Amino acid sequence: MAFLNDTAHRESESGTSTPQHAHSSTVYGSALARQEIPRFELPEDEMPARHAYHFIKDELLLDGTPQNNLASFVTTSMEEEAEELMKEQLSKNFIDAEEYPSTAEIESRCVHMIARLFNAPPDESVKGMTAMGVSTIGSSEAIILAVLAAKRRWKNKRLAEGKDTSKPNIVMNAAVQVCWEKAARYLEVEERYWYCTNDRFVIDPKEAAALVDENTILVCGILGTTYTGQYEDISGLNDALEKRNKELGLDVRIHVDAASGGFVAPFVNPNLLWDFRVPLVCSINTSGHKYGMSYAGVGWALWRSKEYLPDELLFTINYLGAPQISFTLNFSKSSVQVIGQYYQFLRLGKAGYRAVMENLTVNADYLAESILSIPSKESSDEPRFELLSDRGTHGLPLVAFRLRGEHHFDEFAVARQLKVSRWVLPAYQMAPNAEKTKLLRVVVRSDFARHRIDAFIRDLKSAIKFLDDTPADVLKHLATHPHAAHRPKHHEKKSRGVEDKHSLHNKHGKTNGVC
């Protein structure tokens, strides 16, 4: 037997008009479902939890599917057990080591595991290592910390020698990820670039070493460039820099940006010399949320020894009752990312990581061959694309490629057309001095298995056929009126009058790669 709501029954008897849905127990039958959801001002009244959940979830349906985002290196899936463990730890404030000592211990274990993976030198006096490290939000924070430490070390040495400290610089490839530009600008360090050429996208060790002078605080080497995934020659950079140091009486060191390659190279190319086995490498960063296979929000910064981490940068804080050493740009944060990383270390071990990275390498090579098998319009014997990335274990498991010959469309048109099939395929304009080079890049992650590669190739062929058959003026119209232009105005990003005059993107048209 059903009973009428008393209030509704009285209002009915009195003749007042109250919409039935005002008392509906369902989310979409409620009065809230026909009201505008607050976007810019905190609402006056509460909302039922179930309604808030569904309204936000519904809006997020407009986002793309992470697994179809071929632009990103970031991990898109973890096991149910990992997710459950992380969910249980959401309320723990990572910074409070006094209250959560086990969490602090887990961070220390992760640092030691990574340091050993990167061949940190042993310290026989303590039966451990001289290396030091910290967890970070990602490689951007880790890089800023590394640059900060190098600048302070350089400054202290210059002050002790009575020399000027006003013009520090960093030597690096212009193809670096944008976080290096941020680090230099935020910390007031001159960016001294080695520029790519049309046939070389990784740094030339001798030419880079020639840029070093008495004001150089650090030379950056990249283990897996953002655009082509190639490994820069860290060992060769060491030799060239060692010679330069002797010539000028300097002590300039190398930082390795291993954001992407740090969890790849040790397992599929263990003999590659890029880590702390290289004498001048003083610090390394890596991203746990990339090929470390943890969800977004965890990176790592490591230093060869305490010598490269000046004391004045370390803060001793008394937080909730106990003194703690802190070297970070962040303070309060959840502990889940570090715990998720530790789960992966225990779950996979070296054997598990090796198996995954070997599979990714094989799948990347299969993808490369499949792309090269797509024929040109003029001849079935000629490939439509050419590769810019290295195959095998000589680079990251990704495929960077570009169109061969003349077309009435470019790589950006290919990327746009693939969005019809729900793939996010990034198109880039290469770094300065090679900016006329356009390329496409597919990152092969653990969720991009062979059957999905076949589906992508099918859709890529379909996109190419459409572009071949579509007149140039129509494609030009599509390029100037992309689908994104038809989004509601509240989805538009506004710069609010901010104009970036200093970046490589503004100066040279470089496209900053998604990472």
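Modeller: Glad to look at this one with you. A contact here means heavy atoms within 4.5 Å. Please keep in mind that this is a predicted model.

Biologist: Thanks! Among contacts in the chain with a separation of 6 or more, what share comes from residues 24 or more positions apart?

Modeller: The chain comes to 14 helices and 15 strands. Counting the contacts with a separation of 6 or more, the share from residues 24 or more positions apart is 70%.

Biologist: And what percentage of the residues is buried?

Modeller: Buried means under 20% relative accessible area. The chain has 515 residues, and the buried part of them is 47%.

Biologist: Which helix gives the most to the largest nonpolar core?

Modeller: That core has 127 residues, and the members touching the most others are Met357, Leu367, Phe456 and Leu460. With twelve residues, the element that gives the most to this core is helix 10 (residues 336-372).

Biologist: Which residues does Phe456 touch, leaving aside those up to four places away in sequence?

Modeller: Phe456 is one of the four core members that touch the most others. Leaving out residues up to four places away, its partners are Leu70, Leu367, Leu418, Trp423, Leu425, Val442 and Phe448.

Biologist: How are the rings of Phe448 and Phe456 arranged, stacked or edge-to-face?

Modeller: Both Phe448 and Phe456 are buried. Their ring centres lie 6.3 Å apart. Planes over 60 degrees apart count as edge-to-face, and these two planes are at 70°, so the pair is edge-to-face.

Biologist: Is the pair of Phe263 and Tyr353 stacked or edge-to-face?

Modeller: The whole structure has 13 aromatic pairs. In this one the ring centres are 6.0 Å apart. Planes under 30 degrees apart count as stacked; here the angle is 20°, so the pair is stacked.

Biologist: How many residues apart are Phe263 and Tyr353, given that the pair links distant parts of the chain?

Modeller: Phe263 sits in the loop between strand 7 (254-257) and helix 9 (265-268), whereas Tyr353 belongs to helix 10. Along the chain, the two are 90 residues apart.

Biologist: Is Tyr353 buried or exposed?

Modeller: The cut-off for buried is under 20% relative accessible area. Phe263 has a value of 2%, so Phe263 is buried. Tyr353 also has a relative accessible area of 2%, so Tyr353 is buried.

Biologist: Which residues form one aromatic cluster with Phe263 and Tyr353?

Modeller: Phe263 and Tyr353 make a stacked pair. The cluster that holds them also includes Phe267 and Phe345.

Biologist: Let's turn to the cavities. Which residues are the closest to the centre of the largest cavity?

Modeller: There are two cavities of 30 Å³ or more. The largest has a volume of about 100 Å³, and its lining divides into seven nonpolar, four polar and three charged residues. Of the 14 lining residues, the closest to the centre are Thr75, Lys290, Met293, Arg445 and Ser446.

Biologist: Which helix gives the most to the lining of the second largest cavity?

Modeller: This cavity has a volume of about 60 Å³, and its lining has six nonpolar, three polar and three charged residues. Among the lining residues are Thr361, Asp365, Arg391 and Val399. Two elements give two or more residues, one of them strand 13 (398-403). The most, four residues, come from helix 10.

Note on methods: Residues numbered from 1 in each chain as written. Predicted model: local features only at pLDDT ≥ 70, side-chain atom pairs only at ≥ 80, totals over all residues. Heavy atoms only, no water. Core = buried A, V, L, I, M, F, W, Y, C linked by side-chain atoms within 4.5 Å. Buried < 20%, exposed > 50% of the residue type's maximum accessible area, 1.4 Å probe, protein only. 1 Å grid on protein atoms, 1.4 Å probe; cavity = no way out; pocket = protein on both sides within 12 Å on 5 of 7 lines; lining within 4 Å. Points joined across faces, edges and corners; volume = space filled by probe spheres on them. Nonpolar A, V, L, I, M, F, W, Y, C, P; charged D, E, K, R; others polar. Phe/Tyr/Trp six-rings, centres within 6.5 Å; stacked < 30°, edge-to-face > 60°.
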